[in-house]
Amino acid sequence: MTGKTNKACIEMAHGGGGRTMDRLITDIFRKHLDNEYLSQANDGALLPKASGRLVMATDGHVISPLFFPGGNIGSLAIHGTVNDVAMMGATPLYISASFILEEGFPLEDLEEIVRSMGDAARQANVSVVTGDTKVVEKGKGDGVFISTTGVGVIEDGLAIGGDKAVPGQAILINGTVGDHGVAILSKRENLEFETEIVSDSAALNGLVSDMLAAAPSISVLRDPTRGGLAATLNEIAGQSGVGMLIEEEKIPLKPAVSGACELLGLDPLNIANEGKLVCICNAEDADKLLSVMHAHPLGKEASMIGAVTQDPNKMVRMTTMFGGTRMIDWLAGEQLPRIC
Amino acid sequence: MTGKTNKACIEMAHGGGGRTMDRLITDIFRKHLDNEYLSQANDGALLPKASGRLVMATDGHVISPLFFPGGNIGSLAIHGTVNDVAMMGATPLYISASFILEEGFPLEDLEEIVRSMGDAARQANVSVVTGDTKVVEKGKGDGVFISTTGVGVIEDGLAIGGDKAVPGQAILINGTVGDHGVAILSKRENLEFETEIVSDSAALNGLVSDMLAAAPSISVLRDPTRGGLAATLNEIAGQSGVGMLIEEEKIPLKPAVSGACELLGLDPLNIANEGKLVCICNAEDADKLLSVMHAHPLGKEASMIGAVTQDPNKMVRMTTMFGGTRMIDWLAGEQLPRIC
Amino acid sequence: MCLALPAKIVALEGEDMAVVALEGVKKSVSIALIEDAQVGDYVLVHVGYALHKVSEEEAERTLTIMAEAGVLTEEVRESLGEAS
Amino acid sequence: MCLALPAKIVALEGEDMAVVALEGVKKSVSIALIEDAQVGDYVLVHVGYALHKVSEEEAERTLTIMAEAGVLTEEVRESLGEAS
Amino acid sequence: MKYITEFRQKDVSANLARAIAQEVQPDRTYRVMEFCGGHTHAIFRYGVQDLMPANFEFIHGPGCPVCVLPIRRLDDAIELAENHDVILCSYGDMMRVPGTKQNSLLKAKARGADVRMVYSTLDALKIAADNPTKQVVFFAIGFETTTPPTAVAVKKAKEAGLSNFSVFSNHVLTPAAVGAILDTPGTPDEPPVELDGFLGPSHVSTIIGTRPYEAAAQRYKKPVVITGFEPLDVMMAALMIVRQINEGRHDVENQYTRVVTADGNKKAQALVAEVFELRDSFEWRGLGQIPNSALKLRDSFADYDAEKRFDIAPKQSREVKSCECPAILRGTKGPLDCKLFGKTCTPETPYGSCMVSSEGACAAYYSYGRFRADQSEGKVA
Amino acid sequence: MKYITEFRQKDVSANLARAIAQEVQPDRTYRVMEFCGGHTHAIFRYGVQDLMPANFEFIHGPGCPVCVLPIRRLDDAIELAENHDVILCSYGDMMRVPGTKQNSLLKAKARGADVRMVYSTLDALKIAADNPTKQVVFFAIGFETTTPPTAVAVKKAKEAGLSNFSVFSNHVLTPAAVGAILDTPGTPDEPPVELDGFLGPSHVSTIIGTRPYEAAAQRYKKPVVITGFEPLDVMMAALMIVRQINEGRHDVENQYTRVVTADGNKKAQALVAEVFELRDSFEWRGLGQIPNSALKLRDSFADYDAEKRFDIAPKQSREVKSCECPAILRGTKGPLDCKLFGKTCTPETPYGSCMVSSEGACAAYYSYGRFRADQSEGKVA
Ligand code: SF4
Ligand code: SF4
Ligand SMILES: [Mg+2]
Ligand SMILES: [Mg+2]
Ligand SMILES: [Mg+2]
Ligand SMILES: [Mg+2]
Ligand SMILES: [Mg+2]
Ligand SMILES: [Mg+2]
Ligand SMILES: [Mg+2]
Ligand SMILES: [Mg+2]
Ligand SMILES: [Mg+2]
Ligand SMILES: [Mg+2]
């Protein structure tokens, strides 16, 4: 007797294309993600005609740990892709999900992840219409990877893109920065710390739709995920050929996020968010948008953090709370907790 | 001096959301996949209005070895997803690609893979419109995983699906079975054998479009990938509630594939294909379709392999070359080379 | 028991190894278990080892017997009586 | 050199360990390098170790001096002359 | 494929079928045990039974090394993989076989044990050479066919001074099993198997030759025909055995003359004798303890014997109670006699070894012959 | 955040700025070296230079343990990780530092070496305890601040009998470096650094106290103000040093009284003394060999000394030729004097250590102050 034999886990056969896989699909994926398209069970999903221009976005999710305060890789995969579609100004409709499972991964954890995906999809009003499952040998994966692709439609008349910021426009954010990254870091092996911070992971399409209704002329929407606010602002500045000047004081930041960053030697502006958006709009629309945002559960702490400037060097600068000015640079390499 | 330092490879920073990643995207992904949509560089791709019903399909690609006779994971990822869209009777248009890269993977290999994707996409007349890159630590991946999602449009009037086979219909295949799987197995560590077999990996959308023009009433199209012809026929039989009777003699099979299967104790009917399709059509359309297929470079060896039967047990049977009859079952578990 | 296939030796390698071919599929196998392996010999291959040579004449003879089984049952009986 | 932050000891654990808190963020650190650590003490934390206690009075005094720097330059000078 | 496709020809099979049909006596049955799983597999895969007369019955024998391995030995292998920090190398066939509580090497691997599927003992040697800091154990199973490759590997390991390689030997001997089947007494539940003859092992016999079967043929007065694994071989052998039965003979005949001789492969026999010696007794699934039926490493190779190198904990191994594998291996029951067949027990969720190996009667019946279930009355084929 | 945010207040900074502006003499310059990278970082991150008068210049010093590690020692660490089958544990800061041919620990890891980032020496001990079959080497870098935690780990390893743990010690001593900077003779290309005073180490001094700086202050007649790492600390210290300069004093003053005392942390000092002893000499990047400037493990802890346990191959280590790190560490050049700065050398593709550590002058300048480049004439800040 070798013990530990009874916990059901992913075996190579779950990806083999046979009955074991079929059962996995029925018992876990169809069960939690069910909708009229997914149940067609063909090579792909047959969907209705779309009414507008299409938007398509994809993201791979490889987060560790898989379960974190405020969500798990399943909800995150839905939120991330819904948000990327929403950041184009589009209404997300359909999601595809490709799972890469590591041999030995507990089935109950997988079910929990897929259940969260189902919940997140229903809340965001999107359907997971098609999927795929592959199993890789133990040691050739990391539990679960999920790649999601979203398709949405965008109404005529909207023109949103990272290249559309112009000097003089206002820069808004819908809430505190760094919550997701800190929640994740707090559970990393060798780094554990206790905090009440939970990930901000959320689907922003509802908020975006309210914002676009109030100000269809919004120029840029972007979710500051990997690389945090700093990367997102630099990206936009680069694409639009503008500078930016933001004020440290105006950036919503939870004290605990600030504390964790001090402790680890990280900058909250480099830390990932999963329920935040940066909006760049005409200055005259800023107040109207802020009040729409404040009225939405995901925008209660929305803030105007700065303005687009003219700058041939396309730099993002920040007036510090201390009274000086500094650049906000992209993240250099990977984020490594530092000692000095 | 520790040697081996000069071969550029994937580092964690290539997935960090900073400049290193930006350079990777520019130097490799944009370079080889470029098109008007991908170069928008936003959270997703903004695409034109689509003229018909949509089709969406996704697949994760985790093949080992990454490079094999007849292709690599890059071309395969395009072919696989183009084919899944085409099997719905749709015209594939757009592809998204999510890359999960393992730290340490050689950049030159990555470039070769992406170059193949670009070539495959151009040949198949589809565009990779949006993508994502993640890097996982050494030992938490297997070089490269690619999840691709395809979107296509389907003309009104077509009704293709695995549940539409009816007794009396003909079962066609466009060529030899097992080539892809044998090409892959021949390069597996501990199993190496020499063979001239190359993968059949190919985009079938051109062939499908010719076939649909000739016989719009085709009931089922499916690519017998994982699990091979046996799994595909059983899947369709199950979905349609029918039986099937095929003839071993009619199944195109390369002698070398047959030899390799004998040697490894595998059944060619369980072996994956990546450039094959099974078509189920009305018996009266079979000859017309076969001649259309024979006229296409990917259908030269097309063959009618059997017929749909009435069978409450939904079994797939085969008359053997030996003169007997046997069931064709799904693959049991993973395919393991056997000694007895 | 045991999956084993007849294949043709197409090359001898060092250290008791040989390359065998079956329909163009070539594999390196051990010939440590057989004597006097030659290129052109057919051998029965099992788990990467050649177990025994295959006799062309005997194969022919068996096929002949089979082909004639329904017809010449007497002859079959006699020829097999000696074989074991 | 070296990133180090003042944090408050909120619990003592066994084996020379204590839990420190900074804005609700709690982390277990070693107190092997300091004497007589007490709950409520502020300590300077570096690479998982408390290096030294932080003196409340001295912090206050420094802040007062800073606040008055532009105004009371004489007084500042005198009070600092004694400190090193 | 030379020597393969010729032995699968449809017109020849029709010829043989005609001969058999002509020669069987309508008033009796011919109950013939095909000893080997390889025969069982061929019978199902090519639909040989479709071509046989109704009164000729194939009884599936124990000749599947995966099937006859007692569950305790598999549990031991799983323990080696999981609790002794070794790399366990196994032929693919064993990976999915269920041990106690449906544990398996594949499951152990999924839980993190380092289990490697190998195609050849040479692969296992290479793994040992490539991982000098790890102990590498080769899980050796098989009949006389598979034993010589293990012997070669052990000798090579010794010559190369590979101190991290050992063999967990489960090699067994077929002639002993033939006797055991015929010796098995019946019980009220399970009457003893009634057999009219045997199709004898093909590849085993390439090594041991035809002579070792003669004692049993004489003692039990049952004809034996050594038979190849191609479908025409099986049919020709069936014809030969029908003739022996009709004539009241009980000779050892050789259908598989293209590879099998009376003496077998003497070089291989010598290698095996150098490395291995007889065990006094060994347990076979279904057949129980059989004296002199298995091999262990000789003392001169004790360093390469995993049973000596590792302290394998004693087990409370348990078969699934309603699995009929043991009776199936004795030839007294068929897969359809098992309540679990095709319901809870399938090739993907096997409850017994006979459902795993492609040479197992249950697996062959499930994968190739399940559609016959409604035409049958609870008996195989 | 108590003791943090209070020292970052804008109104107080304005106050200090006013006082400094009042007190500097317009007809002279104040060239003050902030010894520590922590100061450099604060100056850039908070924009302290914006608040200082034009004739007050911060000269960046060598006080970054990542920056001063000579490239050969890093090459050694990479070799340990790559060729000695160990788990090499390193603080995150070292992972991206370029060694010879821009090799790095991160690249070694990408190639398969087992390099683990740790946050604390306790993590490295835990890794050793969890991996008893592997040798675990802690790559110890740092000044007096970081040495005591290494000492604790070594003692704990000995107490626990952890035979698979060792330390590759690169701990260095700051007071020795202060003297070395002032002793460095000029060359025709590089005139010696002209300094009017020092902002002294903050966290180092929590351990060693203020006394060890007195010899240098007296010998070289340069004022030293021990200074905290918050921006107000730096400004207050700047005011204090302006006053000393104006008055012609060269005392050691302590601005960071809330943590630093004259004697420092005696318990930590004793632990360090128990485990470590002085090296006769040690190479610092930029400063060359400095006598009595570094620590090695005492003979009584020889078992835990990676330099003794492993046979580290001698190297032909090489800096990137045009990298000006060495001169920057001596205070004689600034990042803008380097041709590579911001072009080929960026934080993501660093050519020198000063571009990696967030306390390195090049990195701080690049990440926070690059936009000033056009306003400057080739000098820092
Ligand atoms: S069907 Fe399964 S449970 Fe029944 S005898 Fe066969 S292997 Fe055992
Ligand atoms: S910019 Fe780079 S190359 Fe130049 S001195 Fe700084 S670290 Fe060295
Ligand atoms: Mg498909
Ligand atoms: Mg995306
Ligand atoms: Mg995204
Ligand atoms: Mg799929
Ligand atoms: Mg893993
Ligand atoms: Mg985004
Ligand atoms: Mg698919
Ligand atoms: Mg597919
Ligand atoms: Mg993305
Ligand atoms: Mg790997």
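Start by selecting chains C and B together and look for salt bridges between them: the count is 0. Keep in mind as you click around that this is a predicted model. Polar contacts are sparse on the list too, with 1 residue pair in polar contact between chain C and chain B, both residues at pLDDT 80 or more.

Now colour chain C by class where it touches chain B. That side has 7 nonpolar, 2 polar and 3 charged residues. If you want to show the whole contact, pick 12 residues from chain C and 16 residues from chain B. Put together, the two chains bury about 1,200 Å², and 70% of that is on carbon and sulfur atoms. For close-ups on the chain C side, show L3(C), V25(C) and K27(C) as sticks: these lose the most area to chain B, together 45% of what that side buries. Next, highlight strand β3 of chain C, residues 25–30, which brings 3 residues, the largest share of the side of chain C that touches chain B.

Next stop, chain E. Make two selections here: domain 1 is 1–64 + 175–263 + 321–371, and domain 2 is 71–172 + 294–309. Taken over C-alpha atoms, the centres of these two domains of chain E are 30 Å apart.

Zoom in on where the domains meet. On the domain 1 side of chain E, 17 residues are in contact with 9 residues of domain 2. The two domains bury about 1,000 Å² between them, 65% of it on carbon and sulfur atoms. Pick out V204(E), I207(E) and V356(E), the domain 1 residues that lose the most area to domain 2, together 41% of what that side buries.

What about charges and polar atoms across this interface? The rule finds 0 salt bridges between domain 1 and domain 2 of chain E, along with 3 residue pairs in polar contact, both partners at pLDDT 80 or more. To see which elements are involved on the domain 1 side, select β2 (56–63) and α9 (203–208) of chain E, which each supply at least two residues. Helix α9(E) gives the most, with 4 residues. Colour that side by class and you get 11 nonpolar, 5 polar and 1 charged residues.

Last stop, chain F. Go to M95(F), in the loop between β3 (86–91) and α5 (105–110) of chain F. Is M95(F) buried or exposed? M95(F) counts as buried because its relative accessible area is 2%, and the cut-off for buried is under 20%. To finish, draw a distance from M95(F) to E194(F): their C-alpha atoms are separated by 34 Å, with the two residues 99 apart along the chain.

Methods:
Residues numbered from 1 in each chain as written. Chains lettered and ligands numbered in written order. Predicted model: local features only at pLDDT ≥ 70, side-chain atom pairs only at ≥ 80, totals over all residues. Heavy atoms only, no water. Buried < 20%, exposed > 50% of the residue type's maximum accessible area, 1.4 Å probe, protein only. Contact = heavy atoms within 4.5 Å. Buried area = accessible area lost by both parts, 1.4 Å probe. Salt bridge = Lys/Arg side-chain N within 4 Å of Asp/Glu carboxyl O. Polar contact = N/O pair within 3.5 Å; in protein donor to acceptor, adjacent residues only side chain to side chain. Nonpolar A, V, L, I, M, F, W, Y, C, P; charged D, E, K, R; others polar. Domains from an automatic or database assignment.
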